[in-house]
Amino acid sequence: MATISILMACMRTDRSNADLLAVVADMARRFSAAVVGVVARQASMHSAVMAMGPGEPPDRDFEKFRERAAPLEAEFRSALSMVEDLQWRSQMTAGPASQHIADEARGVDLIVAAAEPGERIFVPSPEIDVGDLLMRAGRPVLIAPAGAAGLKLTRALVCWKDSREARRAVVDALPILKSSKGVDVVELVDGREMEAARRRLADVGDWFARHGVEANCLASPLHGAEATHLAAIAKDLEADLIVAGAFGHSRLREWAFGGVTRDLLLKADRCILVSH
């Protein structure tokens, strides 16, 4: 991507959206981007059946959704009043809310969604499932943690692996990384792979330089769990953004046995940009 011209803000009906909107506002100002606000919720089976019948009166689920969506739209427009081009879309869906939002993202460059510490990713919910959205969207997703006051882009940490997902992530994140004051690229390896990792990172550093990003590339010996080690590096660097490839293993394996993506999302304490 040369730039980010249109964002999508994924609103929720079951919690505050203030943190999410603070991040969206910073991104919209930085890139002079348009913003599409979207809220979706999956209907209960009874509501879905009722919706299929012509002339049927609206189910109470639909009424509740409309009642919740109206103040969300007002919150969205108030928090982003500085943005010239705002669009709003709300929908109760028969299928997963994440699928609907992924479909609506066909015309956006970046999706911004919210996550909270301890959120149970992959557990069925009528609200958006961030893990499911990552798998479906075909767009990078910027995840705003609870307590986020925005995204200042003082320093960004790129979690490098020589994988398809990591290569996709750095391309998707390039406009944001160009705007960051500092970029660190770290690959975690065991001692036997250190030299090979340094050769890989030399290529990565050269690629970044050719695209106007001065990146500090480092191969670091892995200590303990990978996600925990990356979180510690981000804290030491005072990074306000982590960039990572999502779901290098199958989604089932991530869900059943954990994984770097899942652990990063569950323990997010700063913004994370992920691509699949």
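Asp206 forms a salt bridge with Arg210, and their closest N and O atoms are 2.9 Å apart. A salt bridge here is a side-chain nitrogen of Lys or Arg within 4 Å of a carboxyl oxygen of Asp or Glu. Both residues lie in helix H7, 4 residues apart, about one turn of the helix. Helices (H or I, at least four residues) and strands (E, at least two) are DSSP runs, numbered from the N terminus.

The model is predicted: local features need pLDDT of at least 70, side-chain atom pairs count only at pLDDT 80 or more, and totals for chains, interfaces and linings use all residues. Residues are numbered from 1 along each chain as its sequence is written, and side-chain values use heavy atoms, with hydrogens and water left out.

**Salt bridges**

In the whole structure, a search finds 18 salt bridges. Another of them joins the side chains of Arg89 and Glu104 (2.9 Å, N to O). Because Arg89 lies in strand E3 and Glu104 in helix H4, this pair ties together parts that are 15 residues apart in sequence. Arg270 and Asp269 also meet through their side chains in a salt bridge (3.1 Å, N to O). Elsewhere, Arg12, Asp14 and Arg15 are joined into one network by salt bridges that share partners.

The table lists the accessibility of the residues in the three pairs. Buried means under 20% relative accessible area, exposed over 50%, and partly exposed in between (1.4 Å probe, protein chains only).

| Residue | Relative accessible area | Class |
|---|---|---|
| Asp206 | 38% | partly exposed |
| Arg210 | 69% | exposed |
| Arg89 | 29% | partly exposed |
| Glu104 | 16% | buried |
| Arg270 | 14% | buried |
| Asp269 | 53% | exposed |

**The sheet**

The strands form an open sheet of 10, in the order E3-E2-E1-E4-E5-E10-E9-E6-E7-E8, with mixed pairing. Two strands pair if DSSP finds at least two bridges between them. Strands of a sheet pair through backbone hydrogen bonds, either parallel or antiparallel. The edge strands are E3 (86-93) and E8 (215-221), each of which pairs on one side only. Direction ignored, neighbouring strands of this sheet are turned by 20 degrees against each other on average.

One parallel pair is strand E6 (residues 156-159) and strand E7 (residues 183-189), joined by 4 bridges. Within this part of the sheet, Leu157 stands opposite Asp184 in E7.

**Helices against the sheet**

Helix H7 (residues 194-210), which holds the pair described at the start, lies across E6, E7 and E8 and runs at about 165 degrees to E8. Helix H3 (residues 60-79) lies across strand E1 (6-10), strand E2 (34-42) and E3, at about 160 degrees to E3. Axes are lines fitted to C-alpha atoms, for helices over the stretch in contact, and angles run from 0 to 180 degrees between N-to-C directions. Contact means heavy atoms within 4.5 Å.

Helix H4 (residues 97-104) is mostly covered, with 6 of its 8 residues buried. These are Ala97, Ser98, His100, Ile101, Ala102 and Glu104. They pack against E1, E2, E3 and helix H5 (130-137).

On edge strand E8 sits Ser220. Ser220 is buried, with a relative accessible area of 13%. Leaving aside residues up to four places away in sequence, Ser220 touches Val186, Glu187, Leu188, Val189, Met194 and His229.

**Nonpolar cores**

A nonpolar core is a set of buried Ala, Val, Leu, Ile, Met, Phe, Trp, Tyr and Cys residues joined through side-chain atoms within 4.5 Å. The largest has 58 residues, and those with the most contacts inside it are Met27, Val35, Leu142 and Leu241. Helix H1 (residues 18-31) gives the most to this core, with 8 residues. A second, separate core of 35 residues includes Val36, Ala97, Leu133 and Ala234.

What does Val35 touch, not counting residues up to four places away in sequence? Its contacts are Leu7, Ala9, Val24, Ala28, Phe76, Leu80, Val83, Asp85, Leu86 and Gln87.

**Cysteines**

A disulfide is a covalent bond between the sulfur atoms of two cysteines. By the rule used here (a pair of cysteine sulfur atoms within 2.5 Å), the count comes to 0 disulfides. Cys10 is buried, with a relative accessible area of 1%, whereas Cys217 is partly exposed at 25%.
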